[in-house]
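Reader: Please take me through this model, starting with the cysteines.

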Amino acid sequence: PPLIFCICLDVLLLINSRATSFLFTEYKYAGGFMTVFAVLIFVFLGSIEGFSTKSQPCHYSVGKTCKPALANAAFSTIAFVLGAVTSLVSGFLGMKIATYANARTTLEARKGVGKAFIVAFRSGAVMGFLLAASGLFVLYVAINLFGLYYGDDWEGLFEAITGYGLGGSSMALFGRVGGGIYTKAADVGADLVGKVERNIPEDDPRNPAVIADNVGDNVGDIAGMGSDLFGSYAESSCAALVVASISSFGINREFTPMMYPLLISSVGIIACLITTLFATDFFEVKEVDQIEPALKKQLIISTAVMTVGIALVSWLGLPYTFTIFNFGAQKTVHSWQLFLCVAVGLWAGLVIGFITEYYTSNAYSPVQDVADSCRTGAATNVIFGLALGYKSVIIPIFAIAFSIFLSFSLAAMYGVAVAALGMLSTIATGLAIDAYGPISDNAGGIAEMAGMSHRIRERTDALDAAGNTTAAIGKGFAIGSAALVSLALFGAFVSRAGITTVDVLTPNVFIGLLVGAMLPYWFSAMTMKSVGSAALKMVEEVRRQFNTIPGLMEGTAKPDYATCVKISTDASIKEMIPPGALVMLTPLIVGTFFGVETLSGVLAGALVSGVQIAISASNTGGAWDNAKKYIEAGASEHAKSLGPKGSDCHKAAVIGDTIGDPLKDTSGPSLNILIKLMAVESLVFAPFFATYGGILF
């Protein structure tokens with residue numbers, strides 16, 4: 001045991017130092033971008049009134065004066081920087097928590113699968129609560145500090161606050177894309193050469209790419225995912241606050257109802273805290289087959305508890321009758337209608353979670369069919385996996401569509417915004433079960449590298465298999481909420497830009513729709529190609545080391561881990577910039593040169609197209625991954641008939657898994673940031689586009 005502990009500590013320190021080094025390098029580039037974009041925000045918004053310090057007529061409150069455009073520019077810039085810094089800090093702290101949790105989970109696995117589960121889950125929960133609480137705290141403090149200057153000008157105050165969502169999401173884009181390229185380049189290289197060509201186990205210390213692979217889990221799946229969900233939370237809160245500020249809450253200066261979006265998130269933290277106790281204290285996991293049900297119960301219990309919490313907040317925090325801004329008019333709404341809006345978003349998230357689980361868990365027939373297709377090779381595996389991904393889109397889209405219809409019918413765009421917040425209200429539990437997956441995966445890697453017994457590896461593999469499904473569920477929540485958030489931001493943008501109707505029969509709008517629907521494909525092509533190029537270099541390096549280092553296969557010589565880490569680092573830093581530029585520059589170019597109507601078409605097209613591709617890509621990749629694990633585990637007669645590790649059937653499954661890696665961990669999760677980020681950026685720059693946009697049209 002002391003020797004095993006020392007080896008685990010060595011591996012932990014190695015992974016931790018490499019992950020920290022990569023994030024600092026990534027954040028250096030992200031910081032440069034943040035500085036440049038902050039200047040752009042200030043210049044674009046400040047130029048609306050020629051950098052005047054005089055008060056201006058309010059956009060919505062006719063006859064009243066609001067703070068000068070220069071002040072809005074300055075405070076939007078500050079909010080942008082606050083959101084960006086909070087996003088980066090959230091991702092970094094999440095990575096630190098995860099790297100220490102990995103080794104602790106490995107060591108606890110010696111005592112049983114239950115002990116290891118509790119450590120992995122609690123570590124994910126710490127990250128979830130940290131992110132949810134810090135995002136809420138910074139936003140609330142910013143609102144109150146900005147309010148010292150704005151006073152009664154709530155319209156200007158909450159317009160400036162939208163910069164917070166833009167900052168959070170822009171950093172999340174770099175975290176998701178950069179981290180995704182890093183982790184999948186290493187993963188694909190390690191699997192193709194190690195498993196398929198050399199027939200050695202996953203995470204074998206002889207594999208030169210194994211450290212880069214484990215580092216990637218922490219910087220991509222943990223730091224990137226944390227920043228992503230923080231961005232969703234910040235944007236949905238900002239979208240709801242903007243609409244509320246021009247409704248009766250803002251007009252009558254009713255602070256408590258105005259803070260309704262933040263109250264939902266606050267109650268969500270308490271609900272998730274109660275829910276967490278069910279997984280770690282009230283019911284103890286003792287057997288492998290209890291892991292996945294325990295995680296599923298987290299979703300059900302958190303949703304049920306949160307429903308009660310929303311009812312209390314809606315009853316205590318809202319007046320019985322009020323009005324909500326609805327594209328130029330005020331719509332009369334009752335408090336129980338807002339409760340229904342939040343609840344429909346919350347329960348739609350649960351439906352999306354369960355449908356995602358059905359299509360990505362190897363306990364159900366879809367993934368088992370994909371595994372069975374490996375009998376005839378990798379080609380049929382790929383065909384079945386793609387078909388599964390396309391089919392998995394159907395019910396989530398109906399759930400999102402129903403949520404939008406009901407919430408918009410009840411409370412216009414504010415209803416859609418709070419429905420998105422409802423879906424994200426259990427973000428702490430969502431992050432806990434999402435982060436649990438990479439932590440368990442890395443725990444298995446450390447167990448393999450430390451030479452721990454086969455029994456320990458079986459326990460960590462069981463934890464990891466459940467983690468793959470929960471990670472897919474987390475991505476489903478993120479994509480579903482992104483659709484609702486983007487629509488709410490789109491509505492706020494249309495109102496702020498002064499567009500009365502978005503008519504698809506107008507050429508300006510229709511060409512925008514076409515271009516917008518194309519953007520997710522362009523973005524996906526860039527990220528997939530980036531992973532492929534980096535993986536190509538990784539495969540060549542791993543092969544070179546196996547062929548040229550004497551004694552490497554025999555275990556008498558050590559591989560050169562540092563070179564593989566450098567390949568992943570260099571590739572991710574270099575390749576994350578073009579996709580980021582595509583997303584960030586598109587709204588600026590379209591809004592400035594082609595006007596707000598064309599931009600509204602682009603946003604609508606990207607939303608409709610991006611959601612479909614994101615769900616399909618994430619579920620296809622998750623299904624291929626779990627089909628491989630289904631064969632490896634051999635837990636049923638059917639699985640055993642597909643062959644042990646190293647068989648032709650298993651090799652076909654590994655090839656499917658490697659194809660799915662960039663789909664589920666790079667392109668798919670990044671697409672939800674694309675649709676949100678373009679929408680919130682358009683909202684922030686809407687005053688500039690409305691004043692100076694449309695140079696060509």
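Author: Cysteine 649 is buried, with a relative accessible area of 9%. Here buried means under 20% relative accessible area, exposed over 50% and partly exposed in between, using a 1.4 Å probe and protein chains only. This is a predicted model: local features need pLDDT of at least 70, side-chain atom pairs count only at pLDDT 80 or more, and totals for chains, interfaces and linings use all residues. Residues are numbered from 1 along each chain as its sequence is written, and side-chain values use heavy atoms, with hydrogens and water left out.

Reader: Why is cysteine 649 not bonded to cysteine 374?

Author: The two sulfur atoms are 5.0 Å apart, which is too far for a bond, although cysteine 374 holds the cysteine sulfur closest to that of cysteine 649. A disulfide requires a pair of cysteine sulfur atoms within 2.5 Å.

Reader: How many disulfides does a search of the whole structure find?

Author: The search finds 1 disulfide. Its partners are cysteine 58 and cysteine 66, with their sulfur atoms 1.9 Å apart.

Reader: What is the handedness of that disulfide?

Author: It is right-handed, because the torsion about the S-S bond of cysteine 58 and cysteine 66 is about 105°.

Reader: Are cysteine 58 and cysteine 66 buried or exposed?

Author: Both cysteine 58 and cysteine 66 are buried. By contrast with that pair, cysteine 341 is in no disulfide; the nearest cysteine sulfur belongs to cysteine 238, 19 Å away.

Reader: And is cysteine 341 buried or exposed?

Author: Cysteine 341 has 0% relative accessibility, so it counts as buried.

Reader: Turning to the interior, which residues have the most contacts inside the largest nonpolar core?

Author: They are Phe117, Tyr260, Ile291, Tyr414 and Phe493, in a core of 209 residues. A nonpolar core is a set of buried Ala, Val, Leu, Ile, Met, Phe, Trp, Tyr and Cys residues joined through side-chain atoms within 4.5 Å.

Reader: What else lies apart from that core?

Author: Another core lies apart from the largest one; it has 19 residues, including Ile355, Trp624, Tyr630 and Ile631.

Reader: Back to tyrosine 260: which residues is it in contact with, leaving aside neighbours within four places in sequence?

Author: Tyrosine 260 is in contact (heavy atoms within 4.5 Å) with Ile310, Val313, Ser314 and Leu318, and also with Leu338, Phe339, Val342, Tyr414 and Val418. Of these partners, Tyr414 is itself among the residues with the most contacts inside the largest nonpolar core.
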